[in-house]
Amino acid sequence: MSAYPNLSAAACAAIRPLRRPQLCLADQLADVAVEALIDEAELSPKPGLVDRRSSGAHSDMTLALMHASALALWPCLRQMAEAAEYHSEIGLPLRAELGRLGREGEAAMLATTGGVNTHRGAIWALGLLVAAQALQPKADAMAVAARAGRIALIDDPAAPRQSSHGAQVRQRYGASGAREQAQQGFPAALEHGLPQLRRSRASGASESQARVDALLAIMAALSDTCVLWRAGPQGLHQVQSGARAVLEAGGSATLQGRRRLRQLDAQLLQLNASPGGAADLLAACLFLDKAGSL
Ligand SMILES: CC(C)(COP(=O)(O)OP(=O)(O)OC[C@H]1O[C@@H](n2cnc3c(N)ncnc32)[C@H](O)[C@@H]1O)[C@@H](O)C(=O)NCCC(=O)NCCS
Ligand SMILES: Nc1ncnc2c1ncn2[C@@H]1O[C@H](COP(=O)(O)OP(=O)(O)OP(=O)(O)O)[C@@H](O)[C@H]1O
């Protein structure tokens, strides 16, 4: 029952915003980051990735698992924002604390998913961005990404030396990966994803079509170590040129673009490859798109 039984529905609706407790900045940033992860997972159709239609090229993931993982990351993302507020400047103390929280976040993710890597790259990218936005809440996307890059440039003294897929691909092909993308201030998101998101919206695409176009723009530009690991440089070349072809055909708001997107999806499944790094950076775009207007 309403808290104000004698008031009309319209009067209740007018009062409700006044009574809503103000969320603190860290809560709000964690909310926006988790929402970005859920929106990315839900977005469909995404070539090769887990979405509402299927698990794409992933035999160990489902959409439900992506949701559970995203929700499990809320406390870690909130603590990252709080750490930035506490330290209030970029330096080794903040970097070290973010590294510790990031490793705890990965442990929470693995505990939730039974050992599946659902969001490793996303914890890295969104963790840095949440911290950077908490340092200067009103800054625009470009300034936040640049600040996140400066945090990523600091070496974490406690980081364990582990042989990840990204590290192996870097050694084998000399490719740059998640670390370098962050250190450069997320160029794939700032120069490709976000501009495409805004261009597609402005040209009348639906929000969901604009997001798919943003993902494609990132895929076309990114050296995605997830793709390189499973499909090598030739596979990466096919993924990049296939994504570019969809955009050149008019993007996902057009019939020609959707036909080309279907081909790209089939191609990725045949390669057994999935653009996980591009998916993370789409989530980063969605975060940056919203967080600046909190
Ligand atoms: C830097 C990270 C991502 C490790 O990178 P590395 O390439 O060695 O690992 P891995 O192969 O597991 O890849 C990580 C993920 O990044 C994403 N990714 C792949 N390619 C790219 C790319 N070019 N750009 C951005 N993201 C990418 C994918 O989702 C991939 O699964 C990170 O996990 C890490 O070092 N964490 C340590 C804890 C820490 O410092 N946390 C700070 C939190 S702010
Ligand atoms: N919707 C999504 N579907 C699949 N992966 C996603 C999605 N969104 C983000 N990702 C990212 O993709 C990465 C998982 O990709 P992948 O399974 O290729 O990595 P891996 O476990 O290192 O390698 P592999 O499964 O090839 O052994 C995660 O770190 C995650 O951040």
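I take helices to be DSSP runs of H or I with at least four residues, numbered from the N terminus. The model I am reading is a predicted one.

**Entry 1: backbone oddities.** Looking first at the loop between α9 and α10 (187-202), I found phenylalanine 186 there, with phi near 55 degrees, a positive value in a residue other than glycine. I then asked myself whether phenylalanine 186 counts as buried or exposed. With 20 or more other C-beta atoms within 10 Å as the cut-off for a buried residue, phenylalanine 186 counts as buried because it has 29 C-beta neighbours inside 10 Å.

I noted serine 88 next, whose phi is near 55 degrees and again positive in a residue other than glycine; serine 88 sits in the loop between α4 (74-87) and α5. Serine 88 has 11 C-beta neighbours inside 10 Å and therefore counts as exposed.

I also looked up the peptide bond that joins serine 44 and proline 45, and recorded it as cis, with omega about -5 degrees. Proline 45 belongs to the loop between α2 and α3.

**Entry 2: ligand 1.** I listed the surroundings of ligand 1 and found 28 residues, of which Gly102, Gly121, Gly127, Gly166 and Gly277 come nearest. The elements that give two or more residues to this shell are α5 (92-113), α6 (120-135), α8 (165-173), α9 (178-183), α12 (225-248) and α14 (276-291). Which element gives the most to the shell around ligand 1? I found that α6 does, with five residues. Sorted by class, the shell around ligand 1 holds nine nonpolar, 13 polar and six charged residues.

**Entry 3: ligand 2 and arginine 120.** Around ligand 2 I found 21 residues, the closest being Val50, Arg120, Gly121, Gly276 and Ala279. Here the elements that give two or more residues to the shell are α2 (25-42), α6, α12 and α14, and the shell divides into nine nonpolar, eight polar and four charged residues.

I followed up arginine 120, which has its place in helix α6. Arginine 120 counts as partly exposed because it has 18 C-beta neighbours inside 10 Å. I also noted that the C-alpha atoms of arginine 120 and alanine 178 are separated by 10.0 Å, although these residues lie 58 residues apart along the chain.

**Entry 4: the nonpolar core.** In soluble globular proteins, nonpolar side chains tend to be buried together. I looked up the largest nonpolar core, which has 91 residues, and found that Leu126, Ala131 and Ile218 have the most contacts inside it. Helix α6 gives the most to this core, with 12 residues. Which residues does leucine 126 touch, if I do not count residues up to four places away in sequence? I noted Ala33, Ala36, Leu77, Ala283, Ala284 and Phe287 as the residues that leucine 126 touches on that basis.

**Entry 5: a helix pair.** Two packed helices are described by the angle between their axes and the distance between the axes. For helix α3 (residues 63-72) and α5 I recorded an angle of about 145 degrees, with the axes 9 Å apart, and the crossing of α3 and α5 is right-handed. I then listed the residues that make the contact, which are Leu65, Ala68, Ser69 and Ala72 of α3 together with Ala108, Met109, Thr112 and Thr113 of α5. By class, the contact of α3 with α5 has five nonpolar and three polar residues, and no charged residues.

Key:
Residues are numbered from 1 along each chain as its sequence is written. Chains are lettered from A and ligands numbered from 1 in the order in which they are written. This is a predicted model: local features need pLDDT of at least 70, side-chain atom pairs count only at pLDDT 80 or more; totals for chains, interfaces and linings use all residues. A residue is near a molecule or strand if its C-beta atom, placed from the backbone, lies within 6 Å of it. Ala, Val, Leu, Ile, Met, Phe, Trp, Tyr, Cys and Pro count as nonpolar, Asp, Glu, Lys and Arg as charged, and the others, Gly among them, as polar. A nonpolar core is a set of buried Ala, Val, Leu, Ile, Met, Phe, Trp, Tyr and Cys residues joined through C-beta atoms within 7 Å. A residue is buried if 20 or more other C-beta atoms lie within 10 Å of its own, exposed if 12 or fewer, and partly exposed in between; C-beta atoms are placed from the backbone. Two residues are in contact if their C-beta atoms, placed from the backbone, lie within 7 Å. Axes are lines fitted to C-alpha atoms, for helices over the stretch in contact, and angles run from 0 to 180 degrees between N-to-C directions. A crossing is left-handed if the near helix is turned anticlockwise from the far one by less than a right angle, and right-handed if clockwise.
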